[in-house]
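Work through these exercises with the structure open beside you. Try each task before reading its solution.

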Amino acid sequence: MSLLNTINKVCRDLPDDWTVMIVMERSTAFVECYDDDGGIVILPDSADKTLQEELHDALQVAIKHYFNRGRNE
């Protein structure tokens, strides 16, 4: 899957009011995830992962947190 297709999938499937960001700095790029309260969510270790893999991880973490929190409220 291309990076663009992965981005489109994340945009389509991300829970309401959650944010996933691709951050680019000199010599590096990484993914950050924020919950619907604006708090940063810890993602799995991204060492040796592609941006697509990091985006997939962020989406899976967001979905898991979203549904787990909904069951606990």
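**Exercise 1: Read the sheet**

Task: find the residue in β3 that stands opposite Tyr34.

Solution. Tyr34 faces Ile40 in β3. Now use Tyr34 again: in β2, this residue also stands opposite Thr19.

A word on the model before going on. It is predicted, so local features need pLDDT of at least 70 and side-chain atom pairs count only at pLDDT 80 or more, while totals for chains, interfaces and linings use all residues. Residues are numbered from 1 along each chain as its sequence is written, and side-chain values use heavy atoms, leaving out hydrogens and water.

**Exercise 2: Build the sheet**

Task: work out the strand order and the pairing.

Solution.
- Step 1. Learn the terms. Strands are DSSP runs of E with at least two residues, and helices are runs of H or I with at least four, numbered from the N terminus. Two strands pair if DSSP finds at least two bridges between them.
- Step 2. Take β1 and β2. Seven bridges join them, in the antiparallel sense.
- Step 3. Take β2 (residues 28–34) and β3. They run antiparallel too, with two bridges.
- Step 4. Put the pairs together. The open sheet has the order β1-β2-β3, with antiparallel pairing.
- Step 5. Find the edges. β1 (19–25) and β3 (40–41) each pair on one side only.

Background: backbone hydrogen bonds pair the strands of a sheet, either parallel or antiparallel.

**Exercise 3: Inspect the turns**

Task: which residue takes a positive phi in the hairpin of β1 and β2?

Solution. Start with the β1 and β2 hairpin. Two residues lie between its strands. Ser27 has the positive phi, near 75 degrees. Then go to the hairpin of β2 and β3. Five residues lie between these strands. In that turn, Gly38 has a positive phi of about 85 degrees.

**Exercise 4: See the whole chain**

Task: describe the order of elements and judge how compact the protein chain is.

Solution.
- Step 1. Count the elements. The protein chain has two helices and three strands.
- Step 2. Read from the N terminus. The order is α-β-β-β-α.
- Step 3. Compare sizes. The radius of gyration (taken over C-alpha atoms) is 12 Å, close to the 11 Å that the globule rule gives for 73 residues, so the protein chain is as compact as a globular protein of that length. The rule is 2.2 Å times the number of residues to the power 0.38.
- Step 4. Check burial. Of the 73 residues, 25% are buried, meaning under 20% relative accessible area (1.4 Å probe, protein chains only).

Technical notes. Buried < 20%, exposed > 50% of the residue type's maximum accessible area, 1.4 Å probe, protein only.
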